[in-house]
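Here is a friendly note to read alongside the model. Keep the picture open and look up each residue as it comes up.

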Amino acid sequence: MIRINLLPHREMRRERRKKDFIGLSIFSAIGAAGFAFLAVTFVSQLINDQTARNEFIKKENTKLDEQIKEIAGLQADIEALKARQSAVENLQSDRTLPVHLLDELLKRVPEGIQLDAIDQADLKVTIKGKAQSNDRVSEFLRQLAYQTPWLEKPELTLITATMLDDPRNKGKEGKRVYSFTLSVLLKRPTKAVDGAKATTADATSATTPAVAAAKVN
């Protein structure tokens, strides 16, 4: 028995394919929308997390800035206290400097020199006087430079020669006198002690060969 299908099967197949395509398109659109939603949500979460981290870093930086300011203030206070302590120590040590100055000048002024004025400004001392000759002034400078632990860096700033009138013969010139002005620096006690040790060591080393030579002879 022969069966003949007279239904429009081609149209039915075409309609079924259309439905399948539409369904697949709808499913793809839903999937793409879901994926886009998930991607947007994930990116938004990352942005929120990064924003939170940035805010945390800003807060910590603010705290660090405040701590740095506090540390800087403490360091400034420490430096100020050190400066005050140093000033007090210098004042205490400088009280004895005039005594040492006069004592050293009494010991080191050679014969033929007269001191007229002594002026002290902090550690700088200005000395004015008169001498019988240039050699006396040079000897005085050597004494101040190498023979005293309390004075250092003597510098001759002015020397002038003047003729004195002869008291026995008025109107006639007498002896020549050299007026001088020099400056010298005072040493603080700790530095002076070190200088005294060095001077003693130099004197010992200078006298040792002489003693050895005496023993040999």
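The numbered points below go from the whole chain to single residues and their partners.

1. **What you are looking at.** Please keep in mind that this is a predicted model. The protein has 4 helices and 4 strands. Reading from the N terminus, their order is α-α-β-β-α-β-β-α. Try tracing that order on the screen before you go on to the details.

2. **Inside and outside.** How much of the protein is buried? Of its 217 residues, 17% are buried. The surface that the protein exposes comes to about 17200 Å², and carbon and sulfur atoms supply 59% of this area.

3. **Contacts along the chain.** Take the contacts whose partners are separated by 6 or more positions: 62% of them are between residues 24 or more positions apart. Some of the residue pairs discussed below give you examples of partners from separate elements, such as F140 in helix α3 and F180 in strand β4.

4. **A nonpolar patch on the surface.** Which residues make the nonpolar surface patch of about 440 Å²? They are F21, I22, I26 and I30. One of them, I26, sits in helix α1, which covers residues 9-94. I26 has a relative accessibility of 48%, so this residue counts as partly exposed; the cut-off for exposed is over 50%.

5. **An aromatic pair.** The structure contains 1 aromatic pair. Its partners are F140 and F180, with ring centres 6.3 Å apart and ring planes at 70°, which is why the pair is called edge-to-face. For that label, the planes have to be over 60 degrees apart. The two rings come from distant parts of the chain: F140 belongs to helix α3 (residues 134-146) and F180 to strand β4 (residues 173-186), with their positions 40 residues apart. Are these two residues buried or exposed? F140 is buried, as its relative accessible area is 0%. F180 is buried too, at 1% relative accessibility.

6. **Salt bridges: one within a helix.** How many salt bridges does the structure hold? There are 5, and K107 with D103 is one that you can find easily, with the closest N and O atoms 3.3 Å apart. Both residues are in helix α2 (residues 97-108), and the 4 residues of separation correspond to about one turn of the helix. D103 is partly exposed, with a relative accessible area of 33%.

7. **Salt bridges: one between strands.** K130 forms a salt bridge with D116, and here the closest N and O atoms are 2.8 Å apart. This pair connects distant parts of the chain, since K130 is in strand β2 (residues 124-131) and D116 in strand β1 (residues 113-121), 14 residues away. With a relative accessibility of 35%, K130 counts as partly exposed. D116 also counts as partly exposed, at 40%.

8. **R142 and its neighbours.** Now go back to helix α3, where R142 lies. The side chains of R142 and E139 meet in a salt bridge, with N to O at 2.8 Å. The contact between these two side chains is listed as a polar contact as well, again at 2.8 Å. What separates the two residues along the helix? They are 3 residues apart in helix α3, so about one helical turn lies between them. R142 has a relative accessible area of 43% and is therefore partly exposed. E139 is partly exposed as well, with 27%. Another residue to find from here is R108: its C-alpha atom is 9.3 Å from that of R142, although the two are 34 residues apart along the chain.

9. **S183 and what it touches.** Finally, look for S183 in strand β4. Its relative accessible area is 9%, so S183 is buried; the cut-off for buried is under 20%. Which residues does S183 touch, leaving out those up to four places away in sequence? They are K124, V125, T126, K153, P154, E155 and T157. Among these, K124, V125 and T126 fall within the residue range 124-131 of strand β2. Compare this strand with point 7, where K130 of strand β2 appears.

Note on methods: Residues numbered from 1 in each chain as written. Predicted model: local features only at pLDDT ≥ 70, side-chain atom pairs only at ≥ 80, totals over all residues. Heavy atoms only, no water. Patch = residues over 30% accessible without salt bridge, like charges linked within 9 Å, V, L, I, M, F, W, Y side chains within 5 Å. Areas by Shrake-Rupley, 256 points an atom, 1.4 Å probe, with all protein chains shown as cover. Salt bridge = Lys/Arg side-chain N within 4 Å of Asp/Glu carboxyl O. Buried < 20%, exposed > 50% of the residue type's maximum accessible area, 1.4 Å probe, protein only. Phe/Tyr/Trp six-rings, centres within 6.5 Å; stacked < 30°, edge-to-face > 60°. Polar contact = N/O pair within 3.5 Å; in protein donor to acceptor, adjacent residues only side chain to side chain. Contact = heavy atoms within 4.5 Å.
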